[in-house]
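I set out to record how the ligand is held and which backbone features stand out. The entries follow the order in which I looked things up.

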Amino acid sequence: MEGNIKLMREDGLRLDGRSLNEMRPIKIQTGVVDRADGSAFIEWGANKIIVAVYVREAYPKHAQNIDRAIVKARYNMSGYSVEERKRPGPDRRTMEISKVVSEALSSAIVLEKLPRAEIDVFIQVLEADAGTRIASLTASSVAVADAGVPMRDLVVGCTAGKADGKIVLDLSKDEDNFGQADIPMAILPRTGKVVLLQLDGDVTEEEFNEATSMMMDAMPRISELQRNALMSKYSIEDGE
Ligand code: CDP
């Protein structure tokens, strides 16, 4: 990350015209993969991500937990989802994102209700434009709920960071690449429990607090989009 590229306009807005605490537009849809137990598609700014969830008995048998389910999220970027073609196959970043998403989802799922099960969460990034781990997690929790898996809450997340010395919400690609910090966070909204928190870059304690409070303010709006996505699917099916 470099700090010497201008990321703010003269009028105090960001390069894409957003104010400091403005999110990019988000759309969430469920039931997009017929053969999956649950699925979701999220558009978050220019990010486009599809998630398919399959629930089955864990195999081989020795990999099973006799008293609870295992959650395996696999984050995968399509080759042409980014400017410079992404080589296929897992790399360190992909493995890290799969791990943090699996752990965050595990905190929301009532694992004891599905002993011996494996919940596979396949995340396919079709287009990436910064903030994909949080968009993936936000969509995954909708897809897991869509699969009928018992959950304590819907994990919701967003990102804040520092660009041109200012704390901003929902980093754009330029702010992510050339800003001074990137802070993705996800919570269980009912209790406020933090289930993902990462920090890449440098911020003071005061800036960190400003970033987290900006994100906490934005979370309820994203939660509402998640709930609406689930409800609109069921209201359409009920009406058929
Ligand atoms: O996507 P997220 O912000 O969660 O993770 P990141 O590692 O901070 O990546 C930021 C952005 O860099 C991604 O969203 C992609 O747009 C881009 N990227 C890329 O262009 N090529 C890669 N191999 C990986 C990421």
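I began with D182: a polar side-chain atom of D182 lies 3.4 Å from an oxygen atom of the ligand. I counted this as a polar contact, a pair of N or O atoms within 3.5 Å. R133 also places a polar side-chain atom 2.8 Å from an oxygen atom of the ligand. For A128, a backbone N or O atom lies 3.5 Å from an oxygen atom of the ligand. I then noted that the protein covers 79% of the 510 Å² of accessible area that the ligand has on its own; areas are by the Shrake-Rupley method with a 1.4 Å probe.

The model is predicted: I required pLDDT of at least 70 for local features and 80 or more for side-chain atom pairs, while totals for chains, interfaces and linings use all residues. Numbering runs from 1 along each chain as its sequence is written, and side-chain values use heavy atoms, without hydrogens and water.

Next I listed the shell around the ligand (a heavy atom within 4 Å). Its members are M77, V82, R93, A128, D129, A130, G131, T132, R133, K173, D176 and D182. I classed them as four nonpolar, two polar and six charged, with Asp, Glu, Lys and Arg as charged, Ala, Val, Leu, Ile, Met, Phe, Trp, Tyr, Cys and Pro as nonpolar, and the others, Gly among them, as polar. I found that α2 (132-146) and α3 (173-178) each supply at least two shell residues; helices (H or I, at least four residues) and strands (E, at least two) are DSSP runs, numbered from the N terminus.

I then turned to the backbone. A130, a shell residue, lies in the loop between β5 (117-127) and α2. Phi of A130 is near 80 degrees, a positive value in a residue other than glycine. The peptide bond from Y59 to P60 is cis, with omega near -5 degrees. I located P60 in the loop between β3 (47-57) and β4 (70-77). Most residues other than glycine have a negative phi, and most peptide bonds are trans.

Definitions and conventions:
Polar contact = N/O pair within 3.5 Å; in protein donor to acceptor, adjacent residues only side chain to side chain.
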